[in-house]
Structure formats: C-alpha cells, structure tokens
Number of protein chains: 2
Amino acid sequence: MTQDLIRPVILSGGAGTRLWPMSRRARPKQLLSLAGPEAMITATVRRVVDKQLFAAPIIVCATDQGEAIGRLVADAGYSAGALLLESAGRNTAPAIALAAHWAVSHGDPLLLVMPSDHVIADVGAFRAAVRLAMAPAQAGRLVTFGITPDRAETGYGYIERGPPLGAGVFEAQRFVEKPDGATAQAYVNSGRFDWNAGIFLLRASVLLAAMAVHAPAIAEAVAAAWKGRSEPAGTMITPDPAAWARCPAQSIDYAVMETAKGVAVVPVAMGWSDVGSWDALADLARPDDAGVVAVGDVLAFDAANCLLRSDGPLVAAVGVRDLCIIATPDAVLIVPRGRAQEVRRVVEALAAAGRTDLL
Amino acid sequence: MTQDLIRPVILSGGAGTRLWPMSRRARPKQLLSLAGPEAMITATVRRVVDKQLFAAPIIVCATDQGEAIGRLVADAGYSAGALLLESAGRNTAPAIALAAHWAVSHGDPLLLVMPSDHVIADVGAFRAAVRLAMAPAQAGRLVTFGITPDRAETGYGYIERGPPLGAGVFEAQRFVEKPDGATAQAYVNSGRFDWNAGIFLLRASVLLAAMAVHAPAIAEAVAAAWKGRSEPAGTMITPDPAAWARCPAQSIDYAVMETAKGVAVVPVAMGWSDVGSWDALADLARPDDAGVVAVGDVLAFDAANCLLRSDGPLVAAVGVRDLCIIATPDAVLIVPRGRAQEVRRVVEALAAAGRTDLL
C-alpha cells in the first residue's frame, strides 16, 4: 500500500539573507533554530511524520548542504526517503520536477511539495487541508494551498478562488504576483484571494506532464539530468551537473501554475509564516508585557516592543523602543521594528566590500 | 635645577564601569584608547612631557595594573619617575599623600595632581593655567583648577571663586558637592562657579602638613605605609599593605580641600571632559553630517545622532536614531543618547548574577 501514502517533497534550496546575521550562505535559515528549539527543516520534516498518511520525505537541497541536512534529520530521529542534491540552485520548478522523476520510479505517489523554512503553527489544520486536497490531486489536478490572509501583505503572491470543486476545494482562477498595497487591500477585502505559500499536492506524473506542456525546456533538462544521475551508497542522488546547469531557473508558479489549466486551491488558516524577516519572527513569538521578545543571552531594562536575540555576545539593552537587535559572534544587526527587510542593505554592502566571511 | 621642575602625579586608581562594556574591572577606562589612538593614561602622560616644566610623572595605580601601565607608558616612549602600587583602592586623599611622601624625599617639588582618565583638548591652555598656578603654589597654597562650565551639569562638584589673588588666580571660597539642576543652573548663571576637575598644583610638604591637620588618620596611616614600603628593582614601590589597608578611604576634596584655608583656584577653559559616560565620549567626537560617530567595524545606513563603536563583531545599524551602540567580543550595549549613565543598571545586574567574566 506504499503507493497510497503521500510523499512529502521538502525544498531546501533557499539561501536567504533576510535573517542575516544569523542566516548565512553556508547556514541558511532552514538549518537554524529560529522559531523553536529545532531547526526549521527538522520542524518541516516532523510536520509530515504520520505513517498512516506520509512516506519518508524527499529533500531537495544544495550539494554542499546534503550532509548537514541528512545529519539534522537523522539526529531528530527521522530519515529521508532521498536527498536530491542540486549542484546549482535552479529555483523551484526544476527542483520539483527532479523530485517527480524520483517519485515516478517509486510508485508515482502524490507529492506534498513544501518549502523547508516556513512555520505552520496549526499542524492539525495543515493535515486536514492535505486530506481535502487528496481527492482532486488523485483526480489529476495540481492542487495548491492558499493561506487565508490576515493583512494586506505586499510581499506575497495571491491566488484568486474560482468556483467550488468540492468541500473546501476551489478552482484556482488566477495566480497574481506580489501586488501593491491598494491592490492587496482590495484582494483581502474581496474575500476571494489567498496567499500563495508555495505548498502543493500533486501526482508526480501529472506534474511532469504539465511541465512538458508549459515548461518544455525545464522538462527536457531535468529529464536529462535525472537520466545522468549518480547514486552512490545511501540516500543521496546527484543529477547530472552539466544537464542541470543548462536547466532554466524558474519558479513553479511561473513555469506551470500560472498557465496550467485545472489548478485547484484549498484555502487554509493554519498559523502559517514564511519567516521572511526578523519582524515576521518577532510577530511569531510570545512577547512579555512590554512587548519584548528576548532569546539567548540578553538583558533588557525599560525596553519596549523589541526583538532581542543573541547566539553570541551578551546583548544589554537599556531604554530602547521598537528595535530588532540580533547578535552573533561576528556581527550585530540593529534595525527598527517594521524595517527589518532593510537588512538587505547591509548584506549588499558586505557583498560589495568582499566581506564573504560575514555572508 | 630638578627641584624647580613640577612633578606630575597621575592618579590611576579608577575602576570605572561607566564605559562598560569596553571598560572592565581588569581593564579600566584609563587603559583604553577611547578618545584617540592612544590609551587615556598615555595621553595624560604626554600632556606633561615638557622637560622645561615637568619631571617624569609619578603614577599611583592598583598593584595588579602596575605592569600594564608601566608597559603602556614605556611603549609610548616615556618613563615614569615612580609607580606607586596600591594594594587596595583608598580613594584620592591617600593616593596623593603617598605621592607626596615620595616627593618630599625627592626635593619636595610642586606636584601637579591629575586623574589618568580625563580628556584635555587644549593642552596649551592647560599648561598656561599650570604656569599661573605656580606662584601661589610656591607661596604655600593648595591650588585647584576650576573648569569654566558650559552647561548646568549635575554630575560634578563646583568651586566658588572668592577674591582675586593675582592674575587668573582666585581664593577658592567654597567647594560644593554635586548640586541639583536648579542649583547648578544658578551656579552657572552667577559666573562665579567652576567645575572641580580634581586637578591640583601643590607642594608636597604643604599637602602633607594640611593633611596632618584636616585628615590625621589618613596622614598617620599613609606615613606608616610609606615607612614600611618595599622597593624591589625598577620604579615600582609598594607601601606596606597592612598600614595601607587601615587607611580611611576619602577623596582629597572631602579630606582636605573643603575644609583647608587658603585654597586657590585657577579657572581654565581647556576642552576638558572626564569622559564619564558614552554620551560624554560621543560629545567629544566629530560626527558626520547625520550626527553619527562611528568607530571600529561599523556599517550605518540612514542612522542619525548615534555613537556606533565596536572592537568586536561588525555592528550594522539601519534606520536607528539617538542611540549609543557599543560592541565588544563578549558584550553589546544599546542605550539611547542621553541615558548612557544607565549602563550601571546592566553592571549591577551582572554583578548580582555573578557574571564576573563580563565585569
């Protein structure tokens, strides 16, 4: 009955610098324990541990992070079904196609595609949404999960719901890229739009067929890379680097979802966050009465509405308001709450100055 | 003619924590390069290098800092006349009395007593004031230097000027302790008050005589400690620890100046600062157009009116206003400009928590 289990596909290609100085090129966000005691990728794996519903996950990650990720997952007591190693980051469409190739040679299961670095507070709601998505996915639809928006966020793409297809499932009428503030507000007010969180349920062969139609260059390159794969001992598989290198780098949204017909959406409210900034992380935490979130070796006096976090030097804050202060052994970031996205200015300056030790 | 030279006495007993996290118990402010490229005590020594006017300085410091201070001074190309080592801090009156004992056995010169951790921007004005003070000091007066106040500072003691005694020299009518704000403002408005900076010119034997009258317990204990001194090779001298330990710990102001008769004051404006806080240090520096002072490995974007300083991790500040941010390898302080005195709350908390590694 293995073919009846859903095969999770965890995408770990992100090298996000939005949580600098804690996230670095060699230690991206999903490897960090940011929103709890365990690494985000470990929490992602744990979210799909249910032997009645899920097979062991496939993880797609950068070659040089395969060992670290395998160890993290193993240390948490879990095992990956396979680790697919990208010799270069090609965005999500090739990564998902690669996992689909693995899957069609393992019973062509439904794939539950998920980023490795998101928070989902309500795992029960998540699994209930997955169960709702199974029927349309088994019927050959590409199913996406739409996060019920709680604000007019301009940092995410949106999915417009069309006619209902069944209990809790709708036709996905339209994918839209990140809107401006007024448009985002109109979307939220309409009640017909959800956030595109990049989580999908789809059958491996259906995805590959859609990709052959809508993104033939990716389909061809990934097929060639898969054909030329190397599989040493263990669960690690490396697609042919030359073929992989010539694969276009595109998101699954752009390559397939925005143009494919018959895409479905399952709206779900599940305490989701992409943890895309220190502000987002601060919003996830439980602050004290003054609105202060303190993590690590931190002393605060008369502080209010701050995120104070250190895995390096003691952070001693007196009389500060509305700040994110993030300390590591070699770098400290101080930025007002609400402006944490501007960390990119620091990262860009460090890159321009060639300070790769800090990136 | 050696007896005609002034003998500087540099008091280095302070263990100030007001510039934490850079100043520490084992590395007090005067050993740090805070207001320029050299340690503050080195700048203090350099201020009295003038073979026409000054003999080599006597330095009074804690026993466990004698070697470091001797090395600092020697590395700068200077030499101390003597290093007098305090086995315990007893405040300024005993320290000055100790130096006076050394001096009476070396020709009984005028002593120019100075803290080791102050900034004097206008050394010419300082030396001119010293020259003005020589005549009354040679005539047997205790002469103090009064800093012309530029604000109603409540953190300093004040000296009220009495009748003039000669060009630029006045009777010191009254020493007053740190006043409240209204009193300080009245002092400044009156034009008759100067700040007490703890800088004195006096003949060694005169000081000892005044101390015998006004602070006999100190005079007796220091005389005994001096009598029982040990003088190994080199310039280091250690007064008898048992006698030293029983010496009352009092400031020279309290023990002598506030009660002695015939004290004189030489008012002087010389860009003086006691560098008593990060705010004071920020005021000394030349900020950029946005009011930002950046020292060390610091990146700032859209910052205004900030002191940003690191001798440890990179400090990256985006969009911050009106802050002092001070980073060392093991501790980072963040406090609003104008509230830097509150660093004591951090230091007290660390002491209470037994975190001596950070003190």
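# Two copies, one shared surface

Modeller: 100% of the interface residues of chain A are also interface residues in chain B, so the copies meet through the same surface. This is a predicted model, where local features need pLDDT of at least 70, side-chain atom pairs count only at pLDDT 80 or more, and totals for chains, interfaces and linings use all residues. Residues are numbered from 1 along each chain as its sequence is written, chains are lettered from A and ligands numbered from 1 in the order in which they are written, and side-chain values use heavy atoms, with hydrogens and water left out.

Biologist: How many residues of chain B are in contact with chain A?

Modeller: Contact means heavy atoms within 4.5 Å. On the side of chain A, 32 residues take part. On the side of chain B, the number is 32.

Biologist: Which three residues of chain A supply 24% of the area that it buries against chain B?

Modeller: Buried area is the accessible area (1.4 Å probe) that two parts lose on being put together, summed over both. Chains A and B bury about 2,400 Å² between them, with 65% of it on carbon and sulfur atoms. The three that supply more of chain A's share than any other three residues are A:Leu314, A:Val318 and A:Ile334.

Biologist: Which residue of chain B forms a salt bridge with A:Asp297?

Modeller: A salt bridge is a side-chain nitrogen of Lys or Arg within 4 Å of a carboxyl oxygen of Asp or Glu. The rule finds four across this interface. In the one made by A:Asp297, the closest N and O atoms are 2.7 Å apart, and the partner is B:Arg355.

Biologist: How do the residues of chain A that touch chain B divide into nonpolar, polar and charged?

Modeller: Ala, Val, Leu, Ile, Met, Phe, Trp, Tyr, Cys and Pro count as nonpolar, Asp, Glu, Lys and Arg as charged, and the others, Gly among them, as polar. For the side of chain A that touches chain B, the division is 23 nonpolar, two polar and seven charged.

Biologist: Which strand of chain B pairs with strand 16 of chain A?

Modeller: Strands (E, at least two residues) and helices (H or I, at least four) are DSSP runs, numbered from the N terminus. Two strands pair if DSSP finds at least two bridges between them. Here A:Val332 stands opposite B:Val315. The pairing is parallel, over four bridges, and the partner is strand 14 (residues 307-318) of chain B.

Biologist: What relation do the two chains have?

Modeller: Copies are superposed by least squares on the C-alpha atoms of residues with pLDDT of at least 70 in both. A turn of 180 degrees and a shift of 0.0 Å along the axis lay chain A on chain B with an RMSD of 0.0 Å. That is the relation of a two-fold axis.

Biologist: Which residue of chain A has the C-alpha nearest the axis?

Modeller: The C-alpha in question is 3.6 Å from the axis. It belongs to A:Pro329.

Biologist: Which residue in the turn between strand 7 and strand 8 of chain A has a positive phi?

Modeller: Strands 7 (residues 158-166) and 8 (residues 169-176) of chain A pair in the antiparallel sense over six bridges. They form a hairpin with two residues between them. The positive phi is about 75 degrees, and the residue is A:Gly168.

Biologist: Which residue does a cis peptide bond join to A:Trp20?

Modeller: Omega of this bond is about 10 degrees. The partner lies in the loop between strand 1 (7-12) and helix 1 (40-47) of chain A. The residue is A:Pro21.
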